Amino acid sequence: MAARELMAARELMAARERRCAVPRSIAKLKELESFTINKSFIRAVNLDVVAGLKKLNLLDLSKNKINALYYRAQPELYPVLRDVYLRGNKLQSINTDLFNSMIALHTLDLSHNQISVVSGFLNSSNLSYLDLSFNYIQKLDCCLWVIPSIYNLVISNNQLLQLPMCIESVFENITGFNVHYNQLHLDEMWKFAGMRCLTALKLSHNNLRHVTLNEDTLPPNLIFLDLGHNKLQQLDVKYVPNEMFGISIVFNCITHLDWDSIPLKLADRLKNSKPYQCAAASQTPSTIFFKTIPSECLRKIHECESLQG
């Protein structure tokens, strides 16, 4: 590409570059709207390099080897930068203050890194999608975050022992909350009660032994609650927030349900979903047939027996 054409370029894509840093010459491409570098050896990213690109709306630095993200000078405003993708890198910590100057930010993808520490006071009036999945986060404090437009939070496949702090106030407008494949063990269902827009809540593949499901915990517009693959031994659900509400409890340790106490439409849905699947040895064939039982089911059987024993 000729120098004049490059200076006027609106889109720039590169892959498998051997350089270890974003080239500073990028700052000269004032017409650039989309900048992508993937599968390269980039390790540290100085955001000052792209700060002067006032037309940039997409920054994709996915699948590199980035382990540091920083500013050297006072961060400038990014007037139209909408989508930032940093998935598949080597980040071990992230300071969310880095994104506060991106005033048009809509999508922030930090998934598939090695993040164990999340710090900073995220303040983004337009951020609507945040993906922190596939990291090593054990604790997340959101209490000083201001993200009023957020509608979807994905924090699955981490190591959370409890729900992020202050989600009941920070994420009150959210529609989807995905926190499956963690290590949650506390009954914190009350935190979701005020999320009036929440329609899908995924809590599967955790260590939950008990959850409270009533008018004080279930948000009014919740349509699907996934509690599968936990350690629940009983389910008391006499209340449903709406007629479309459904729930999954497969691969738990529940061996009996009081069908008469469950609202009729929900009971029908539960019966069709095989709620006792792999719950306990009493629900399985004799040991002579164990070879025909899927290995995942056998693991759940032994897990449930240990809880009872």
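Reader: Leaving aside its neighbours within four places in sequence, which residues is Thr36 in contact with?
Author: Happy to start there, with the reminder that this is a predicted model. Thr36 sits in strand S2. Once the neighbours within four places in sequence are set aside, the contacts of Thr36 are Leu12, Met13, Ala14, Leu58 and Asp60.

Reader: Is Thr36 buried or exposed?
Author: The cut-off helps here: a residue is buried when its relative accessible area is under 20%. Thr36 has a relative accessibility of 6%, so Thr36 counts as buried.

Reader: How far apart in space are Thr36 and Leu59, C-alpha to C-alpha?
Author: In sequence, 23 residues separate Thr36 and Leu59. In space, their C-alpha to C-alpha distance is 6.1 Å.

Reader: Which residue in S4 is the bridge partner of Thr36?
Author: Strand S4 covers residues 58-60, and S2 pairs with S4 in the parallel sense over 3 bridges. Asp60 is also in the list of contacts of Thr36. Within S4, the bridge partner of Thr36 is Asp60.

Reader: And with S1, which residue of S2 does Glu11 stand opposite?
Author: Strand S1 takes in residues 11-15, and S1 and S2 pair in the parallel sense over 5 bridges. The residue of S2 that stands opposite Glu11 is Ser34.

Reader: How many of the residues of S2 are buried?
Author: In a regular strand, side chains alternate between the two faces of the sheet. For S2, Ser34, Thr36 and Asn38 are on one side, Phe35 and Ile37 are on the other, and both faces are covered. Over residues 34-38, the number of buried residues is 5 of 5.

Reader: Stepping back to the whole sheet, in what order do the strands stand?
Author: Strands of a sheet pair through backbone hydrogen bonds, either parallel or antiparallel. Here the sheet is open, it has 11 strands, and the pairing is parallel. The order is S1-S2-S4-S6-S8-S10-S11-S12-S13-S14-S15.

Reader: Which strands stand at the edges, each with a single partner strand?
Author: An edge strand here has a single partner strand, so one side of it is left without a neighbour in the sheet. The two strands in that position are S1 and S15 (246-248).

Reader: What does the twist average from one strand to the next?
Author: This value belongs to the open, parallel sheet of 11 strands. From one strand to the next, the twist averages 5°.

Reader: Further along the sheet, which residue in S14 does Lys202 stand opposite?
Author: Strand S13 (residues 200-202) and strand S14 (residues 224-226) run parallel and are joined by 3 bridges. The residue in S14 that stands opposite Lys202 is Asp226.

Reader: Is His180 buried or exposed?
Author: His180 is in the loop between strand S12 (176-178) and S13. Its contacts beyond four places in sequence are Ser156, Asn157, Lys202, Leu203, Ser204, His205 and Asn206. With a relative accessible area of 17%, which falls under the 20% cut-off, His180 is buried.

Reader: How far apart in space are His180 and Asn230, C-alpha to C-alpha?
Author: The two residues are 50 residues apart in sequence. From C-alpha to C-alpha, the distance between His180 and Asn230 is 10.0 Å.

Reader: What is the phi of His205?
Author: His205 lies in the loop between S13 and S14. At a relative accessible area of 22%, His205 is partly exposed. His205 is not a glycine, yet its phi is positive, at about 55°.

Reader: What is the phi of Lys63, a residue other than glycine?
Author: Lys63 is found in the loop between S4 and strand S5 (68-70). Its relative accessibility is 47%, so Lys63 counts as partly exposed. The phi of Lys63 is positive, near 55°.

Reader: Which charged residues help line the largest cavity?
Author: The count is 3 cavities of 30 Å³ or more, and the largest cavity holds about 70 Å³ of space. Its lining has 8 nonpolar, no polar and 2 charged residues. The nonpolar residues are Leu163, Leu184, Leu186, Met189, Phe192, Leu203, Leu208 and Val211. The charged residues are Asp187 and Glu188.

Reader: To finish with the whole chain, what percentage of the residues count as buried?
Author: The chain has 5 helices and 15 strands. Among contacts with a separation of 6 or more, 45% are between residues 24 or more positions apart. Of the 309 residues, the share that count as buried is 46%.

Notes. Residues are numbered from 1 along each chain as its sequence is written. This is a predicted model: local features need pLDDT of at least 70, side-chain atom pairs count only at pLDDT 80 or more; totals for chains, interfaces and linings use all residues. Side-chain values use heavy atoms; hydrogens and water are left out. On a 1 Å grid over the protein atoms alone, a cavity is a set of points where a 1.4 Å probe fits but cannot get out, and a pocket is an open set with protein on both sides within 12 Å along at least five of seven lines; lining residues have an atom within 4 Å of a point. Grid points are joined across faces, edges and corners, and a volume is the space filled by probe spheres set on the points. Buried means under 20% relative accessible area, exposed over 50%, partly exposed in between (1.4 Å probe, protein chains only). Helices (H or I, at least four residues) and strands (E, at least two) are DSSP runs, numbered from the N terminus. Two strands pair if DSSP finds at least two bridges between them. Axes are lines fitted to C-alpha atoms, for helices over the stretch in contact, and angles run from 0 to 180 degrees between N-to-C directions. Contact means heavy atoms within 4.5 Å.
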